[in-house]
Amino acid sequence: MSIKNTNSELLRFTTAGSVDDGKSTLIGRLLYDSKSIFQDQYEAIEKVSERRGEEEVNLALLTDGLKSEREQGITIDVAYRYFSTPKRKFIIADTPGHIQYTRNMVTGASTANVALILIDARNGVIEQTKRHAIISSLLQIPHLVVCINKMDLVDYSQEQYEKIKDSFENFASKLDVKDVSFIPISALKGDNVVNRSENMSWYEGATLMYYLENVHIASDHNLIDNRFPVQYVVRPYSDEYHDYRGYAGRVAGGTFKVGDNVVTLPSGFGSKIKSIVGPRGEQSDAIPPESVTILLEDDIDISRGDMIVRPNNQPEVTQDLDVMICWFDHMKSLVPRGKYTLRHSTQEARCIVKEIQYKLDIETLSRDRENIEIKVNDIARVMLRSTKPLFLDAYKENRITGSIILVDEATNNTVGVGMVI
Amino acid sequence: MRVINHLDELESESIYILREVAAQFENPVLMFSGGKDSILMVYLAYKAFYPAKIPFPLLHIDTGHNFPETIEYRDSLVEKFGAKLIVGSVQEAIDQGLVSEEVGFNASRNGLQTTALLEALEKGKYDAALGGARRDEEKARAKERFFSHRDEFGQWDPKNQRPELWNLFNGRKNMGEHFRVFPISNWTELDVWQYLAKEEVPLPSLYFAHEREVIERDGTLLADCGFINKRPDEKVFVEKVRCRTIGDVTCTGVWRSDAENVEDIIKEISTTRMTERGGRTDDKRSETSMEDRKKLGYF
């Protein structure tokens, strides 16, 4: 890789899995084959594996970074791993797969372009597979790649692969997923991970690495609806920039161009974009996820939490939120009349829980309207009312302007996360 | 349509975090070590608030055992951006009897930095300390959040971290607590060099290959200086070396290298098989030495 070779996109993907499905082996192979494991790292985990009396070098030790995780041999928290090929840079959010870690899976899924779902070819679609797929669908991960792993243990059988593929497709038809691909692999032997498998000539699709390098992600952002949450007002207070007022933020949707007519919320005042300043000076337009500073023609009062949009395309301005909540607090349940601090884009407000409509079973998708005590890792549809109007889009339309977090005012912990319906 | 490449995206993410810190906290500070990661942080902070000045001071925890080049570079950078510099001194902490100097051949002031850092944060009443740590550096740092909560003793509780989703960051805290914030969490060593090259950022001479008097200890080359206690059998010799990380002289290894410019460095690290902290003797003290130090408040 040279200095010039920097024109590669960034792809974030998430994996989830338990001890035995080969997830660590797969990640280890992606890192190893892209030469992202260093010799001293490898030697360090080789030493630990040997001391523990393990026969092979345990690649899971690469991702399990905390003392307690290494002691217990499980991934508890989200671990981030990095590798790159000449085509792309990758960030893996590696999460545990067990139901008691649903909140960690949700965290890893929140920013992912691709969800990598692993199925053991011997076992087919199991509860955990469904859970991962449902979470990927709830969090609206744009692309799903289902890797049917351990093909070497089923004699590379096309019939077995087709059977599992059909059963997953049958189940996924109930979910809101747009783009699903299937790849038969053996992470252990390397079939169809980086190199094409010689054992499965019947498979004509891409290898996993080819898929990750080429899946189209430029349209994963909302490029239609212009949304610019104002994060910070830049005021230099110097003689040279006496009347300078720059609205700094990160584009959450659409394309902002110099000369565009815009409206600011909540005031409703209109103006025109005078200039856009990016990290390398003035630029003619700004798209997601760029951080820029916007200057307007008119001197209007704008502060953090306000939003710059187009006059004919505005988010819903409301104090009533219909959201799907995932609850993260293991001490206290989510209760009706509960009050929390709410964060949405660059806004902060307080809110009260008006009604819990149902609890969602994340293995069957069934709705429970009777037992609605919402405990840690539960997912529920909830009505909230905020102390001030928020500028909301449906999460399906925009992951940035359609998401919220809830903060407990006594402990300051983030206790819940929500997606606007 | 324009394609946003990975460096643009990382840059925008880091600028977003820097602005979030300026918006959510009353009295932030940027921890500056003199290494390339903190240099990158200063450049990103400059871009985030341009044309206004960087709205927080730089804090350097000075062990007193520095490469002279580091201090020279630090002062020129501060002048260039018109930033405010605060120095926290390990020597002062020793003089005040807050900590005592390690003894023996491997004596280093690295561990003592924690006390001086917490002292400086408390004295300045800083509620957020920005740092240039990256998740790819070390396995405990791989678990670090962008916004990392610290209790009133500056301790990190890795098993009870706040979840971070989308681009929503929760900086709420009680009086006396603070946050460590890591805007370049998602950058790798290669990303940092590619970016510094693209932006043509001038760098301290220590990063480029030069002749230096060194000693070899446990497979690592250390720069010979007055602060290292040499064993009787350790010989001083001259090698062409460069630093891959810059820290305290006593624990920063130097590498045999011929890389004389940034392009050479990028070539070198894209083919190397050793991690950049491989030369840090402070990490080698035990398997979990970074996690143990971080829990106590180390950077």
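The following exchange concerns a helix pair and a cavity in this predicted model.

User: Why are helices H2(B) and H6(B) called oblique to each other?

Analyst: Helix H2 (residues 36-49) of chain B and helix H6 (residues 189-198) of chain B pack at an angle of about 55 degrees, with 11 Å between their axes. Angles under 35 degrees count as roughly parallel and those from 65 to 115 as roughly perpendicular, with over 145 reserved for roughly antiparallel and the rest called oblique, and H2(B) and H6(B) are therefore oblique. The crossing in which H2(B) passes H6(B) is left-handed.

User: What makes the contact of H2(B) with H6(B)?

Analyst: On the side of H2(B) the contact is made by B:Lys36, B:Asp37, B:Leu40, B:Leu44 and B:Lys47, while H6(B) contributes B:Glu189, B:Val192, B:Trp193, B:Tyr195 and B:Leu196. Six residues of this contact are nonpolar and four are charged, with no polar ones.

User: How many cavities of 30 Å³ or more does the structure hold, and what is known of the space in the second largest cavity?

Analyst: There are seven cavities of 30 Å³ or more, and the second largest cavity encloses about 90 Å³. It is lined by 13 residues, of which A:Thr14, A:Thr15, A:Ala16, A:His132 and A:Ser136 are the closest to its centre.

User: Which elements each supply at least two residues of that lining, and how do its residues divide by kind?

Analyst: In chain A, strand E1 (9-17), helix H5 (102-109), strand E4 (114-120) and helix H6 (127-138) each supply at least two residues. The lining of the second largest cavity divides into eight nonpolar and five polar residues, with no charged ones.

Notes:
Residues are numbered from 1 along each chain as its sequence is written. Chains are lettered from A and ligands numbered from 1 in the order in which they are written. This is a predicted model: local features need pLDDT of at least 70, side-chain atom pairs count only at pLDDT 80 or more; totals for chains, interfaces and linings use all residues. Side-chain values use heavy atoms; hydrogens and water are left out. Axes are lines fitted to C-alpha atoms, for helices over the stretch in contact, and angles run from 0 to 180 degrees between N-to-C directions. Helices (H or I, at least four residues) and strands (E, at least two) are DSSP runs, numbered from the N terminus. A crossing is left-handed if the near helix is turned anticlockwise from the far one by less than a right angle, and right-handed if clockwise. Contact means heavy atoms within 4.5 Å. Ala, Val, Leu, Ile, Met, Phe, Trp, Tyr, Cys and Pro count as nonpolar, Asp, Glu, Lys and Arg as charged, and the others, Gly among them, as polar. On a 1 Å grid over the protein atoms alone, a cavity is a set of points where a 1.4 Å probe fits but cannot get out, and a pocket is an open set with protein on both sides within 12 Å along at least five of seven lines; lining residues have an atom within 4 Å of a point. Grid points are joined across faces, edges and corners, and a volume is the space filled by probe spheres set on the points.
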